[in-house]
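The following exercises concern a single protein model and its packing. Each task is followed by a solution in steps.

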Amino acid sequence: SSDSLGVAPILTKLQKDCATPLPVLRHVADAMAADMRAGLAVDGGSDLKMILSYVDSLPTGNEKGLFYALDLGGTNFRVLRVQLGGKEERVIATEFEQVSIPQDLMLATSEELFDFIASALGKFAQKEGGKFELPQGRTREIGFTFSFPVKQTSIKSGILIKWTKGFVVSGTAGKDVVACLNEAMERQGMDMQVSALVNDTVGTLAGARYWDDDVMVAVILGTGTNACYVERADAIPKLTKRMSNSPITIVNTEWGAFSNGLPLTEFDREMDAESINPGEQIFEKTISGMYLGEIVRRILVKMAKVGCLFSGSYVPEKLVTPFVLRTPDICAMQQDTSRDLEAVESVLYDVAGVKSDLSARKTVVDICDTIAKRGGRLAGAGIVGILQKIEEDSKGLVFGKRTVVAMDGGLYEHYPQYRGYLQEAVTELLGSEISKNVVIEHSKDGSGIGAALLAAANSKYE
Ligand code: ADP
């Protein structure tokens with residue numbers, strides 16, 4: 001049976017190292033706002049790239065016609081078509097398909113990856129019919145959601161800075177990803193073209209804004225994490241060449257790279273050191289779905305070794321494999337309300353091949369909660385940082401009226417405790433009065449329609 005004498009001190013230290021009391025949250029929010037400002041001043045001025053999206057008009061509801069969207073940003077990619085009917089009819093019809101990216105293509109060449117994507121999109125386009133109608137002689141236009149760091153060069157071009165989230169594709173960095181996709185579609189003889197290149201956060205913001213004028217910020221919490229928001233053009237010192245005279249533009253923060261003042265543990269440091277991008281994406285590694293399970297796994301390994309979590313200093317063989325314990329597993333364990341923690345028992349047995357007693361299972365749940373709590377609360381502090389930055393430049397614009405933060409991503413959608421901790425931190429930071437005005441809202445799969453809306457707004461036929 002587990003030796004609570006060995007385990008308890010490790011758990012106590014972990015909870016102390018991961019603690020996010022109000023002063024820590026406040027520091028993170030303030031540092032986020034300051035880093036945003038530094039990134040807006042000059043390129044390279046901050047951990048936060050504060051990438052200009054070239055999206056400076058938001059959907060109005062008047063968009064009309066057939067548009068496609070393609071979303072590449074993680075473990076899955078999605079293709080979608082939407083028939084837009086303008087103010088009255090709005091979204092007449094949508095259809096989508098989801099394709100999971102084979103593991104080997106995440107480690108392949110750029111041509112191989114883009115050929116796979118183009119081919120899936122081509123097959124999907126061939127099934128068009130029913131309510132979907134393209135005027136004669138027109139090319140199908142695509143809103144391409146691409147959720148990796150890109151140096152955008154126009155609404156329909158952008159240079160990949162680097163792959164993240166486990167993608168190690170050779171030959172794309174430094175290239176225009178729209179050209180990569182357009183060339184792959186040409187190789188397959190397809191008559192389709194990218195009209196808008198958007199980050200998934202930007203797509204989510206556009207999609208949510210189509211239905212609700214108060215949306216100012218969009219946040220993705222899935223495999224990775226990112227956030228964007230509506231900024232005033234005159235609050236962006238580094239914005240010198242303007243393509244339009246719109247007073248606003250969407251800024252993609254790339255907040256996953258934030259690192260200032262985060263409560264980190266030895267487990268985070270070791271995971272980072274052994275990752276493919278050491279020293280980078282520290283906020284992402286602390287709060288996003290790709291990593292929460294892995295952090296918990298590393299803690300379990302140490303507790304097994306040093307604290308005798310699973311009878312003696314036995315370390316289950318499977319448990320030493322990086323990333324075997326996934327965030328959905330720790331989420332499932334936290335939902336277990338049975339007296340004997342049967343679901344925890346079976347996750348530990350299935351994933352780690354380990355037989356656990358009740359005391360070990362309770363400890364495991366406490367660890368999951370500690371890591372989810374830290375992640376959710378820090379994500380909440382980051383959101384408040386963005387709202388604070390907007391408020392500082394425009395007194396009353398966000399805190400004096402209803403303001404919506406559109407949320408999307410599998411982690412936010414499926415992990416109720418994480419979501420609760422996030423909301424709790426926002427309320428703690430803003431206080432009960434102001435937080436009544438700040439609505440944090442799930443905007444499910446808004447990013448697909450959002451990208452199609454931006455393709456419509458930037459159509460070559462308009
Ligand atoms: P992606 O970010 O890969 O484009 P999603 O937004 O759907 O796609 O997010 C998927 C991620 O969400 C997974 O990698 C996982 O970390 C997280 N996730 C999915 N299901 C759950 C779940 N049941 N509980 C907690 N996290 C989940």
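**Exercise 1. Two residues with positive phi**

In which loop is leucine 341 found? Establish its backbone conformation and its burial, then treat glutamate 254 in the same manner.

*Solution.*
Step 1. The model is a predicted one, and local features are considered only at pLDDT of at least 70. Leucine 341 sits in the loop between H10 and helix H11 (342-352).
Step 2. The phi angle of leucine 341 is positive, about 55°, although the residue is not a glycine. Most residues other than glycine have a negative phi.
Step 3. Leucine 341 has 21 C-beta neighbours inside 10 Å. The threshold for a buried residue is 20 or more, so leucine 341 counts as buried.
Step 4. Glutamate 254 belongs to the loop between strand S11 (248-252) and helix H7 (266-273). Its phi is near 50°, again a positive value in a residue other than glycine.
Step 5. Glutamate 254 is buried, because 27 other C-beta atoms lie within 10 Å.

**Exercise 2. The enclosure of H10**

Determine why H10 is described as largely enclosed, and identify what covers its buried residues.

*Solution.*
Step 1. The buried residues of H10 are Thr327, Asp329, Ile330, Cys331, Met333 and Gln334.
Step 2. Six of the eight residues of H10 are thus buried, and therefore the helix is largely enclosed by the rest of the structure.
Step 3. The cover over these buried residues includes H9, H11, H12, H13 and helix H14 (416-437).

**Exercise 3. The shell around the ligand**

How many residues surround the ligand, and which are the closest? Classify the shell by residue type and by contributing element.

*Solution.*
Step 1. The ligand is surrounded by 17 residues, of which Gly74, Gly222, Gly289, Cys331 and Gly410 are the closest.
Step 2. Two or more residues of this shell come from each of helix H9 (289-307), helix H10 (327-334) and helix H13 (410-414).
Step 3. By type, the shell divides into five nonpolar residues, 12 polar and no charged.

**Exercise 4. The packing of H4 against H5**

Describe the geometry and composition of the contact between H4 and H5, and then the surroundings of H5.

*Solution.*
Step 1. Helix H4 (residues 110-126) packs on helix H5 (residues 177-187) at an angle of about 65°, and the axes are 9 Å apart. The crossing of H4 and H5 is right-handed.
Step 2. H4 contributes Ser110, Phe114, Asp115, Ile117 and Ala118 to the contact, while H5 contributes Cys180, Leu181, Ala184, Met185 and Arg187.
Step 3. Sorted by type, the residues of this contact are seven nonpolar, one polar and two charged.
Step 4. In H5, the buried residues are Val177, Val178, Cys180, Leu181, Asn182, Ala184 and Met185. Their cover includes H4, strand S5 (140-146), S6, S7 and strand S8 (192-198).
Step 5. After H5 comes glycine 189, with a positive phi near 70°.

**Exercise 5. The nonpolar core**

Which residues have the most contacts inside the largest nonpolar core? Relate the core to H12, and examine valine 217 and isoleucine 371.

*Solution.*
Step 1. The largest nonpolar core has 142 residues, and Phe144, Leu181, Val217, Val296 and Ala452 have the most contacts inside it.
Step 2. Helix H12 (residues 358-393) supplies the largest share of this core, 14 residues.
Step 3. Beyond neighbours within four places in sequence, valine 217 is in contact with Ala227, Tyr229, Ile383, Ile386, Leu387 and Val405.
Step 4. Isoleucine 371 lies in helix H12 and is buried, given its 27 other C-beta atoms within 10 Å. Residues up to four places away being set aside, isoleucine 371 touches Cys18, Leu292, Ile295 and Val296.
Step 5. Isoleucine 371 and valine 296 are 75 residues apart along the chain, yet their C-alpha atoms are separated by 7.1 Å.

**Exercise 6. A charged residue in H9**

Is arginine 298 buried or exposed? Identify its contacts.

*Solution.*
Step 1. Arginine 298 lies in helix H9. With 21 other C-beta atoms within 10 Å, arginine 298 is buried.
Step 2. Apart from neighbours within four places in sequence, arginine 298 is in contact with Phe267, Glu270 and Met271.
Step 3. Arginine 298 and glutamate 270 are 28 residues apart in sequence, and their C-alpha atoms are 8.8 Å apart in space.

Terms used
Residues are numbered from 1 along each chain as its sequence is written. This is a predicted model: local features need pLDDT of at least 70, side-chain atom pairs count only at pLDDT 80 or more; totals for chains, interfaces and linings use all residues. A nonpolar core is a set of buried Ala, Val, Leu, Ile, Met, Phe, Trp, Tyr and Cys residues joined through C-beta atoms within 7 Å. A residue is buried if 20 or more other C-beta atoms lie within 10 Å of its own, exposed if 12 or fewer, and partly exposed in between; C-beta atoms are placed from the backbone. Helices (H or I, at least four residues) and strands (E, at least two) are DSSP runs, numbered from the N terminus. Two residues are in contact if their C-beta atoms, placed from the backbone, lie within 7 Å. Axes are lines fitted to C-alpha atoms, for helices over the stretch in contact, and angles run from 0 to 180 degrees between N-to-C directions. A crossing is left-handed if the near helix is turned anticlockwise from the far one by less than a right angle, and right-handed if clockwise. Ala, Val, Leu, Ile, Met, Phe, Trp, Tyr, Cys and Pro count as nonpolar, Asp, Glu, Lys and Arg as charged, and the others, Gly among them, as polar. A residue is near a molecule or strand if its C-beta atom, placed from the backbone, lies within 6 Å of it.
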